[in-house]
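Work through the following exercises with the sequence and the model open beside you. Each task is followed by a solution in steps.

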Amino acid sequence: MARAARERSEQERERQRLVTAAEPVGVLDTGFRTVLSRLDRAGLLARVSRTVDFDLEAAAMMKHHDAGAALLFESVKDHDIPVVGNVFATPASSEAAMGLDRDRLRAALARGIRTDVEPAAASDPPAQQNVWRSGEIDLGAQLPVLKHAPGDGGRFVTAGVLIVRDPLTGVRNASFHRLQLIGPDTVAVKIDHGRHLGRALDHAVEMGQDLPVAVCIGTDVALIYAASTMGALMPESRDELCAAGGCRGAPLPVAPGVSQDIDVPADTEIVLEGVIRAGASVTEGPFGEFVGYASPAGPAPTMHVTAVTARDEPVYHAINGAGRETIVLRKHVLEVAALEAVRPVTQIVSDVCMPPGGLHRFHLVMALSKRYERDNGMGRNAALAAFGALKDLNMIVLVDDDIDLHDPDDVAYALATRFDAASDLVVLPGMRGHEYVRTSRAGVGTKAILDASVPFESRADFERIPFAAPSGGELDAAYSGTTVLSWLGGEHA
Ligand SMILES: Cc1cc2nc3c(=O)[nH]c(=O)nc-3n(C[C@H](O)[C@H](O)[C@H](O)COP(=O)(O)O)c2cc1C
């Protein structure tokens, strides 16, 4: 292997060591308010001061600007609570929100995946500075719940982290589930295939009980990441409040609910407490989903809200279903989960990327640092481990570590120059994926490995053209873009 490539490999290995190091990030302040002020200081929080309608307008603006800064709608029609959206809509915002670069954010998330830190009781929890109990609750009037897309079946709470305790196992689970407003104190809860919330509800139903739940809107970001992590690395047996503590490097401060026996993160902006009712079902949807299509209306269980609590001057967090925030929230956690899944299989995976085109969820690019002939083929083994751990993955592209896997063009270059479909395409039919993928049969479809890595012994044949280092001179100022264009032939350029 050429020296430059060897050095790159060494750098990658060193970077990898940092990515997975246990404690490089210390104790983190992951409070939602802290996150908003970090974004503000980084110039990544744009304020909208004019009055915006909760009915389609706010969500439309979020969609239009979802490659940019977070949006704080200071004035929402008919409401006195501001709305914030696009908080985690780009990888850059996600990193700035935590005050960490990509590698350190990954290290914090890996710590959450590996480490349990029990929550600690908080006194005077801000989340309960204001309390409304049964009889005083009218969700649609009290909260600026958005209608997101014209085809949606109504107004949906979209950024609520639902905390439940499985009545059979006692394990606390945190997960995002959209809630459709059905009545003043009733919402429909959307629960997809295989969710741990669904299992806890099944157990409650079997035991003839309702399931106590706390919906946390605008909550601790370590909990938001624990709730976004799915698959083998966050199994049903894992207490996600402890995982959030692991990510923070300190206990998550919690308080008992005011109307339900459930722990609530003390710093949450707005909490809906209640029970998911065994056997009660309404029609939910349609709703514009993360895949960019609408999920149809269908039956869903209901939650009866027994208390609403909020901190003083709360802010309401909203996430567009078919927007970047929904998918970006999973980018870093799933990349870390993929690395953790392949690590026991082989050390040659130097980095992974969940690219935006695959909705940060369906496609994975894996960079391989092959050092010996015996490393040949290990990338495909690692890909199978990743498929096993993350069921929604449907395509994995393997590249060598001289490809910038975070640059989709460079990955396409590897496919163009190092991939031969007859020998490098591995097709795996009849595998379980996500049921929203419309080419699948209710989630069962084909997964594929595209192996654009070259055998170890052939790497010299694929060495990319090295150019000499520039001699250091700046471009001549007179050599402007206009000059180049006219030299290239004006409008024909
Ligand atoms: C913003 C957002 C909204 C989500 N909405 C839903 C939803 O409405 N229903 C659902 O089943 N999963 C939804 N999910 C996915 C689950 O919350 C997520 O997969 C979670 O990891 C599942 O938790 P579990 O592994 O504890 O079951 C959403 C995820 C995000 C990030």
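**Exercise 1.** How much area do domain 1 and domain 2 bury between them, and what share of it is on carbon and sulfur atoms?

*Solution.* Before starting, note that this is a predicted model, in which local features need pLDDT of at least 70 and side-chain atom pairs count only at pLDDT 80 or more, while totals for chains, interfaces and linings use all residues. Residues are numbered from 1 along each chain as its sequence is written, and side-chain values use heavy atoms, with hydrogens and water left out.

Step 1: locate the two parts. The domain assignment, which is of an automatic or database kind, places domain 1 at 17-325 and domain 2 at 344-459. Their centres, taken over C-alpha atoms, are separated by 31 Å.

Step 2: choose the quantity. The size of an interface is often given as the accessible area lost when the parts come together. Buried area here is the accessible area (1.4 Å probe) that two parts lose on being put together, summed over both.

Step 3: read off the result. The two domains bury about 1300 Å² between them, and 55% of this is on carbon and sulfur atoms.

**Exercise 2.** Describe the residues and pairings that join the two domains.

*Solution.* Step 1: count contacts, meaning heavy atoms within 4.5 Å. By this criterion 17 residues of domain 1 are in contact with 14 residues of domain 2.

Step 2: look for charge pairing. Side chains of opposite charge can pair when their charged atoms come close. With a salt bridge defined as a side-chain nitrogen of Lys or Arg within 4 Å of a carboxyl oxygen of Asp or Glu, the rule finds 1 salt bridge across the interface of domain 1 and domain 2.

Step 3: assign the side of domain 1 that touches domain 2. Helix α5 (102-114) and strand β16 (294-295) each supply at least two of its residues, helices (H or I, at least four residues) and strands (E, at least two) being DSSP runs numbered from the N terminus.

**Exercise 3.** Is A67 buried or exposed?

*Solution.* Step 1: apply the cut-offs, by which buried means under 20% relative accessible area, exposed over 50%, and partly exposed in between (1.4 Å probe, protein chains only). A67 has 54% relative accessibility and therefore counts as exposed.

Step 2: place the residue. A67 lies in the loop between α3 (57-64) and β2 (70-76), and, leaving aside residues up to four places away in sequence, A67 touches T90 and R324.

**Exercise 4.** Compare the surroundings of three salt bridges among the 30 that the structure holds.

*Solution.* Step 1: take R172 and E118, whose side chains meet at 3.4 Å, N to O. R172 is in strand β8 (residues 172-176) and E118 in the loop between α5 and β4 (120-121), 54 residues apart. R172 counts as buried at 7% relative accessibility, whereas E118 counts as exposed at 52%.

Step 2: take R361 and D392, with their closest N and O atoms 2.8 Å apart. R361 sits in the loop between β19 (349-353) and β20 (363-368), and D392 in the loop between α11 (378-389) and β21 (395-400), 31 residues apart. Both R361 and D392 are buried.

Step 3: take D402 and R418, which meet at 2.9 Å, N to O. Because D402 lies in the loop between β21 and α12 (408-418) and R418 in helix α12, the pair ties together parts that are 16 residues apart in sequence. D402 is buried at a relative accessible area of 16%, and R418 is buried at 7%.
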